[in-house]
Amino acid sequence: MITNFLKLKTRRKIRQICLETDRVTHSEKNKEPISSIVLHYPGSTTQGHVTRQVRKHKIAINFTSRCLFRCRHCYIWQQQNNYYPLEKETWTKFLDEVKEIYGTNVIIEIGGSGMAEINKNLMPVLKHASSLGFETTYSTNCHLVNNRILLRLLESGLTSLVIGLDFFTDKGHDVQRGVRNSHKHVLKVFDMLKTQRHSTNIIISCIIMKSNLDEIIPLTKWINQQEHITCISFNSLAQPLWTETDPNWHRKYTNLWPEETGKVMELLDELILMKRQGCKIANTSSQLESFKRYFNDPNRFIRGSPCNADELGFQVTAEGELKNCMNKRSLGNLKEISFKELLDSENYSTLSEEISGCTLNCHQIQNCRYTDD
Ligand SMILES: C[S@@+](CC[C@H](N)C(=O)[O-])C[C@H]1O[C@@H](n2cnc3c(N)ncnc32)[C@H](O)[C@@H]1O
Ligand code: SF4
Ligand code: SF4
């Protein structure tokens, strides 16, 4: 019996019911999707959202920590010893256990760096996740995506393909990403997509930061006109990923942090308006409002309640470490111990308490694990 897990599960179930009640009210009030966790546009059409009553568990898998890019906002490429692909069987066993515990109420998010496409396990693992009935997303800078890889991704049953594009013009994007012609290649992939028949959502992921403030509105308007792109989803700039936590990072990375707060507020107000007018922006207005609070005062915790990262799901590193939060210690390694055993460990319950006491405005809480409650 997995007793610790069941105790936590009951506590969380009660909280979940309360949250659902709150979110239904919120949704009716604002006529917006209940959750910003999943971006749902039916098929490739762009008419409205499908609302969801139950929050899904998100399981993010960093398939490899290798990256060809030299992004200014993410330093994964500076990792030493950075290539630890797990055996395919470790991933499939883990996914099977996830299904046993949560059913299909799960989103499997695969990504984490720019070189997963050349790993032989990627497509089998994606296919396995889809065949289990999970919703699946794959995030990429798409530099290694060619026609063949694109076709295989689309045929894997993938629900959403998430492509990083921060600029409307090529120069800014290439400088930010540290690779010449990276912008051009994204456009090439868009052209490839036009020739494919598929039902995968194509989502553009864009960070709001100093260097692209003037580019975001033109980019959003352009994306809104592209029939083969489902929507754009914004991230607020977080401390560059894979750097040591530093509360003063905004002052250190002056090339990234937009100190012209007024300009950011104007931009976010315009995005909120565009969203209300039906523009294909995936974030809820409430998340865009939370970005405003964050850019005004980056060290003030954006949530009105404790961090809920432990309730939302898990992250698995390329080495197989299972975590609730990328910034906290690991629960254990999937190569050595099963998911079920990890959920029953003392480590899991004590970590939950640490998480609820943390007030860091991290990438997870602002962006990929943002929730309205
Ligand atoms: C870690 S990346 C992995 C996917 C892929 N390699 C890419 O670059 O799009 C996942 C998402 O996080 C975003 N991201 C990376 N660093 C960030 C930061 N410092 N603040 C906010 N978002 C960030 C990326 O733009 C991307 O959309
Ligand atoms: S943001 Fe993506 S492309 Fe850029 S360094 Fe990180 S993993 Fe690589
Ligand atoms: S607020 Fe703290 S515990 Fe929660 S996700 Fe961010 S770093 Fe992790």
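This passage describes the surroundings of two ligands and the packing of one helix in a predicted model. Local features rest on pLDDT of at least 70 and side-chain atom pairs on pLDDT 80 or more, while totals for chains, interfaces and linings use all residues. Residues are numbered from 1 along each chain as its sequence is written, with chains lettered from A and ligands numbered from 1 in the order in which they are written.

Ligand 1 is surrounded by 19 residues, counted when the C-beta atom, placed from the backbone, lies within 6 Å of the molecule. The closest are S139, G164, S205, N235 and A238. At least two shell residues come from each of β3 (135–140), β5 (201–208) and α14 (363–368); helices (H or I, at least four residues) and strands (E, at least two) are DSSP runs, numbered from the N terminus. The shell holds six nonpolar, 13 polar and no charged residues, where Ala, Val, Leu, Ile, Met, Phe, Trp, Tyr, Cys and Pro count as nonpolar, Asp, Glu, Lys and Arg as charged, and the others, Gly among them, as polar.

Around ligand 3, the shell includes C307, C325, C358 and C362, as well as K328. Its division is eight nonpolar, two polar and one charged.

Turning to helix α9 (residues 261–276), V264, L267, L268, L271 and I272 are buried, that is, 20 or more other C-beta atoms lie within 10 Å of their own (12 or fewer for exposed, partly exposed in between; C-beta atoms placed from the backbone). These residues lie on the same side of α9 because they cover an arc of only 140° around the axis, taken from the directions from the helix axis to the C-beta atoms. The face turned away from this buried side carries the exposed G262 and L273.
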